[in-house]
Amino acid sequence: MVPYFLYRLDQMFKPEVTGLSDTVSNIYRKHVWISPSGLYDNDALQFCVNKLGIDHLVFSADWPYVPMTDARAFVENAPLSDIGKEKFSHLTAEGLLHLSE
């Protein structure tokens, strides 16, 4: 839910108030990776891509709470480029977890 509130956080917690070196949203964008975790909604995905960039999104499922039946179709039909789908589905997670070394 945080990406939806980044604008508000920047309004309420300016660097001169927080003592941070940058805005909350810029610090968040640099240090946080997010996942839709079973929310297979293209509009929400596109919003998060616009807010954070594809390099800060990783795919995950929320099984057993959300069935896996729609997971593959969600990634395959996501409004992303081919490389965006690769990053989202596995490349970003592999890099974060140092799995490709």
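Student: In which helix does Thr-92 lie?
Tutor: This is a predicted model, in which local features need pLDDT of at least 70 and side-chain atom pairs count only at pLDDT 80 or more, while totals for chains, interfaces and linings use all residues. Residues are numbered from 1 along each chain as its sequence is written, and side-chain values use heavy atoms, with hydrogens and water left out. Helices are DSSP runs of H or I with at least four residues, numbered from the N terminus, and the one spanning residues 82-96, where Thr-92 lies, is helix H6.

Student: Is Thr-92 buried or exposed?
Tutor: Buried means under 20% relative accessible area, exposed over 50% and partly exposed in between, with a 1.4 Å probe and protein chains only. Because its relative accessibility is 10%, Thr-92 counts as buried.

Student: Which residues does Leu-52 contact, leaving aside neighbours within four places in sequence?
Tutor: Contact means heavy atoms within 4.5 Å. On that basis, the partners of Leu-52 are Pro-3, Leu-6, Tyr-28, Arg-29, Ile-34 and Leu-57.

Student: Which helix gives the most to the largest nonpolar core?
Tutor: A nonpolar core is a set of buried Ala, Val, Leu, Ile, Met, Phe, Trp, Tyr and Cys residues joined through side-chain atoms within 4.5 Å. The largest one has 14 residues, and those touching the most other members include Leu-45, Val-49 and Leu-52. H4 and H5 each supply at least two residues of this core, and the helix that gives the most, with four residues, is H4.
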